[in-house]
Amino acid sequence: MQLQPKIAPYITEIISRLQNAGYEAYIVGGAVRDFLLNRQPKDYDLSTSATPEQIKKVFRDRHVLIIGKRFRLVHLHHRGEIIEISTFRKRPPDQTELRRPGKQAPEHMIFQDNEFGTAEEDAWRRDFTINAIFYDPVNDKIVDYTGMGMKDLAEKTVRSIGDPVLRFEEDPVRILRALKLVGQYEFAMEPGTENAVRQCLGFIVHASASRMTLELEKILKNPYGHRILETFRRYGFLKLFLPFVDSRWETPACSYMMKLLEERNRRIQEGKYRDSISLAMSIMTLPFAEEEISGRAPGQLWEYVPELPVRLHEILLRVLQPGMPTRRAVAAAIRTLLLQDRVKTLQIKKLLSHPGYPHARELAIIQNHVMWKFWRYEEQLPAPEPRRKKRRRGRLRTDRSSGGSESAEAAGTSDLTA
Ligand code: ATP
Ligand code: MG
């Protein structure tokens, strides 16, 4: 049974505080889209008439940071999560004078986008009509300034706001964003937008590496990421985004990779595991590493070889190039892959019941579903033993007794800490 999607109460509270301080404030972007499509929103983007400094004042009791150069916005920290709050902006004027000499960027490319504006101006500077719907959860009010957002959402259409070629020239990352929407929701593009995507694909080389990496990370997190990659391939965009994967698309290793990704995403949608970026990176690397290191068909594990971590690192970077994931995520992905060795040496039961290797356990479950089929029912797997709490040395007892119950409650392990 599917639960009704809900706006997280802390988001409504943030909006309410901004409104009570005299500002306009809405939920915008993907969270509104998902909410209206009956999917549970995850990452919330908020937009307000308050400037970053004014937002900071409203939330002076909270952990708030003003970030960004090209696009200044506020990060409000809430229990380990970051909520982005941006100030309404208007569409920037022509920026020909900001072009760097020698760079063959598209004629109308935008380099700065920081001029504040009204809510309506803010809606019109957004990329697609379905991304320009504002939602006020306090008064349960939808504002659709373009007048097309709700209709396009109902008709499953991705439509550029304004002239699509101009909008893709202004910011080529919008091409990728259009294809992402098509893949993730199985929407179609309005013909003008679709023609412009095909015509402007090559502009993507002008997008900055950091923004492309950000998009790669979002796709790796997305529970429909495999469909996004398929869409990229269909439009000839994959060779610009993940050239290695594109060049291997027709191989057994790549179709194994896509099946693993699909299974991983199904498990996220069913709430069986979390949307870990590093696990997605391990999955994308695994079939190519198996092929290269074992020299056998995908799904066949490798023997231990000298310098295995170095080789895995090389293969992982090759698969994800030109994306540059964080070193931390790369290290975590390699740690997960290195545990494949335990699967080989029949220590799999130990691995599956070990609380310290959740990603490796999840990867083994996914591999089993897709390829090995050792276990018929997941439920028959040994449950991981609860992770033992590390004892912190040198801490006073009083410290533990005061903070212990709260942290145990947060981790859901109160019965183990008695
Ligand atoms: P996701 O579910 O991947 O987060 P999203 O649409 O929320 O999708 P974000 O990158 O979080 O994507 O952006 C939030 C909103 O900001 C978008 O919905 C869109 O309205 C606007 N936006 C983002 N990038 C652009 C862009 N390049 N040009 C114009 N508007 C943009
Ligand atoms: Mg978003």
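Me: Which helices each supply at least two residues of the shell around ligand 1?

Reply: They are α2 (30-36), α7 (173-185) and α9 (209-221). Among the shell's contributors, α7 gives the most, with 3 residues. This is a predicted model, where local features need pLDDT of at least 70, side-chain atom pairs count only at pLDDT 80 or more, and totals for chains, interfaces and linings use all residues. Residues are numbered from 1 along each chain as its sequence is written, chains are lettered from A and ligands numbered from 1 in the order in which they are written, and side-chain values use heavy atoms, leaving out hydrogens and water.

Me: What makes a run of residues a helix or a strand here?

Reply: Both are DSSP runs numbered from the N terminus: H or I over at least four residues for a helix, E over at least two for a strand. On that basis the chain has 20 helices and 9 strands.

Me: What makes a residue count as near ligand 1?

Reply: One of its heavy atoms must lie within 4 Å of the ligand. The shell holds 14 residues, and the closest are Gly30, Arg33, Asn131, Asp171 and Arg174.

Me: How do you know which classes the shell residues belong to?

Reply: Ala, Val, Leu, Ile, Met, Phe, Trp, Tyr, Cys and Pro count as nonpolar, Asp, Glu, Lys and Arg as charged, and the others, Gly among them, as polar. Sorted this way, the shell has 11 charged, 3 polar and no nonpolar residues.

Me: Which atom of ligand 1 does a polar side-chain atom of Lys218 lie 2.9 Å from?

Reply: An oxygen atom of the ligand. The protein covers 82% of the 580 Å² of accessible area that ligand 1 has on its own (areas come from the Shrake-Rupley method with a 1.4 Å probe; for residues, only the protein chains shown count as cover).

Me: Why is Gln340 called buried?

Reply: Its relative accessible area is 3%. Buried means under 20%, exposed over 50% and partly exposed in between (1.4 Å probe, protein chains only), so Gln340 falls in the buried class. Gln340 lies in helix α17 (residues 340-344).

Me: What makes Gln340 and Gln367 a polar contact?

Reply: Their side chains are joined at 3.0 Å. A polar contact is a pair of N or O atoms within 3.5 Å; within protein, one must be able to donate a hydrogen and the other to accept it, and residues adjacent in sequence count only if both atoms are side-chain atoms.
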